[in-house]
Amino acid sequence: MHIAVIGTGYVGLVTGACFAEFGVDVTCVDIDSKKIARLSAGEMPIYEPGLEQLVTKNMQSGRLRFTTEIKQAVEQALVIFLAVGTPPQSDGSPDLSFVEAAARSVAEHMNGYKVIVTKSTVPIGTGEYLRKLIREQQKSRLNFGIVSNPEFLREGAAINDFMRPDRVVLGSRDEEAIAIMRDLYRPLYLMEAPFVLTSLEAAELTKYAANAFLATKISFINEIANLCESIGCDVHDVAKAIGMDRRIGSKFLHPGPGFGGSCFPKDTQALASVAREFGRDSMIVDAVIEVNRRQRQAMVPKIEKLVGDLQGKTVAILGLAFKPETNDMREAPAIDIISELLKHGAIVRAYDPVSMKESADVLPEVTYLADEYEAVTNADALVFVTEWNQFRALDMRRIRDLMKTPKIADLRNIYEPADMRELGFEYIGVGR
Ligand code: NAD
């Protein structure tokens, strides 16, 4: 089977490479010619563990190719995935212009029956809207099916999440399209991955509901963490104990500087906007967004409490990307924290294993160093912003000796407070 993936970003590239690995012929399309040139030369535009090997292997086997020419890709494909961005607009609702543009191009080049699948996270009703749009834009009347197949992969673990998903959601009322999608996902059926077959609208809402629920767990534990600070107890004990209840589960109960990334902030806003559109309240989601905003704002005052007046102080930041194992800086807490530190007159030195180039585009005032030890040299304080595994095994004695004053704001609770105090650090975490 031939498929086309329109939009070769985090989701499109992983989707294309994984389907090629399943034995499908895949053409990945993007309007960004530089990205396509890099990919065609075997160079990855993003950092994602295991991706380069998977892409190279499948390009060599001839099953995966990259192009800016949508016409041929659409003509060859039976299934066309739309995996373009849906960034938030100023009112919180998603900008559908990329999805519309991609759907128009697909309509223009259709030469037979196609299954058109939204992988992008789109508002409820988008599938039906695309059905009408494509119908109107077609040059001649050709049949097609519309499917919503939301993506749940996590950056940093994207390939494993695609290959071993908790579930695959397929929303459609077109039986032929569903049969073709089942065939395409056969390797996952054989591995007994659960499939949820539902309506277009339920599939579209599932993605927003899932992300909003995960964001709720984060804001909830951050609220409990702040309470722990006032009470004088450790949020990790509380999180561990509540997480042992299987109805709650232990995942996503890690306190920190607030959620970021390209999905949770955007998708919580979008769900609130969907609720408004349907005349419903979104009290829980609104609170989740507000708690997160406050949590992000509370980080610099925390650092200031540790360091005193920030004017002229040198702050070393370890970790810049919004989470470990990615170079994605979209909505990263580091951006807010560093911008605020700079506003207060601090000098910022930073290190991240993979995202310093991306970070320099948004935060050019920062000095980027070659490793953790260079970053902390002569610093008045060290702030952990992203919990990369390599930060868990640092030589903390060496760090202490390199710093001007041994002070740590551990915004991811990487280290044990008692251990750090024993080493002579003044240490604060979140909720402990
Ligand atoms: P991205 O910005 O990394 O990639 C989008 C790509 O689409 C870009 O390369 C862009 O050049 C391309 N594009 C835009 N218009 C195009 C057009 N008309 N034709 C061809 N290409 C076009 O975005 P992403 O992070 O991969 O997200 C894509 C969608 O998937 C979004 O709706 C997002 O919410 C959703 N999603 C993302 C994640 C994630 O972890 N990043 C997870 C699940 C779902």
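Reader: How many bridges join E1 to strand E2, and in which sense do they run, parallel or antiparallel?

Author: The general idea is that strands of a sheet pair through backbone hydrogen bonds, either parallel or antiparallel. In this predicted model, E1 and strand E2 (residues 25–29) run parallel and are joined by five bridges. If you want a spot to click on, Val5 stands opposite Cys28 in E2.

Reader: What do E1, helix H1 and E2 make together?

Author: With helix H1 (residues 10–21), those two strands make a β-α-β unit, and that unit is right-handed.

Reader: How many bridges does E1 share with strand E4?

Author: Four bridges, again in the parallel sense, pair E1 with strand E4 (residues 79–82). Look at Ile3 there: its bridge partner in E4 is Val79.

Reader: Why is E1 described as largely enclosed?

Author: Burial is read from relative accessible area, with under 20% as the cut-off. Strand E1 (residues 2–6) has four of its five residues buried, so the rest of the structure largely encloses it.

Reader: On to the ligand. Which residues around it come nearest?

Author: The ligand has 26 residues around it, and the nearest are Asp30, Lys35, Thr86, Glu155 and Lys266. By class, that shell has ten nonpolar, eight polar and eight charged residues. As for secondary structure, H1 and helix H5 (97–109) each supply at least two shell residues.

Reader: Which ligand atoms lie 2.7 Å from Glu155 and 2.6 Å from Lys266?

Author: Read these contacts as pairs of N or O atoms. For Glu155, an N or O atom in the side chain is 2.7 Å from a nitrogen atom of the ligand. Lys266 puts a side-chain N or O atom 2.6 Å from an oxygen atom of the ligand. Thr121 works through its backbone instead, with an N or O atom lying 2.9 Å from a ligand oxygen. On its own the ligand has 830 Å² of accessible area, and the protein covers 89% of that.

Reader: What is the strand order in the open sheet of six strands?

Author: Follow the pairings across the sheet rather than along the chain. The order is E11-E10-E9-E12-E13-E14, and the pairing is parallel. Strand E11 (367–368) and strand E14 (426–428) are the edge strands, since each pairs on one side only.

Reader: How many bridges do E9 and E10 pair over, and where does the chain cross?

Author: E9 and E10 pair over five bridges in the parallel sense, with Ile317 opposite Ala350 in E10. The chain goes from E9 through H15 to E10, a right-handed β-α-β crossover. Next door, E10 and E11 run parallel with two bridges joining them, and Ala350 has Tyr368 as its bridge partner in E11. From E10 the chain crosses through helix H16 (residues 356–362) to E11, and this β-α-β crossover is right-handed.

Reader: Which of Thr326 and His344 is buried, and which is partly exposed?

Author: Apply the cut-off again. Thr326, in the loop between strand E9 (314–318) and H15, has 0% relative accessibility, so Thr326 counts as buried. A polar atom of the Thr326 side chain lies 3.1 Å from the backbone nitrogen of Asp328. His344 sits in the loop between helix H15 (333–343) and strand E10 (347–351), and at 26% relative accessibility His344 counts as partly exposed.

Technical notes: Residues are numbered from 1 along each chain as its sequence is written. This is a predicted model: local features need pLDDT of at least 70, side-chain atom pairs count only at pLDDT 80 or more; totals for chains, interfaces and linings use all residues. Side-chain values use heavy atoms; hydrogens and water are left out. Buried means under 20% relative accessible area, exposed over 50%, partly exposed in between (1.4 Å probe, protein chains only). Two strands pair if DSSP finds at least two bridges between them. A crossover is right-handed if, with the strands pointing away from the viewer, the path from the first strand over the helix to the second runs clockwise. A residue is near a molecule or strand if one of its heavy atoms lies within 4 Å of it. A polar contact is a pair of N or O atoms within 3.5 Å; within protein, one must be able to donate a hydrogen and the other to accept it, and residues adjacent in sequence count only if both atoms are side-chain atoms. Accessible areas come from the Shrake-Rupley method with a 1.4 Å probe; for residues, only the protein chains shown count as cover. Ala, Val, Leu, Ile, Met, Phe, Trp, Tyr, Cys and Pro count as nonpolar, Asp, Glu, Lys and Arg as charged, and the others, Gly among them, as polar.
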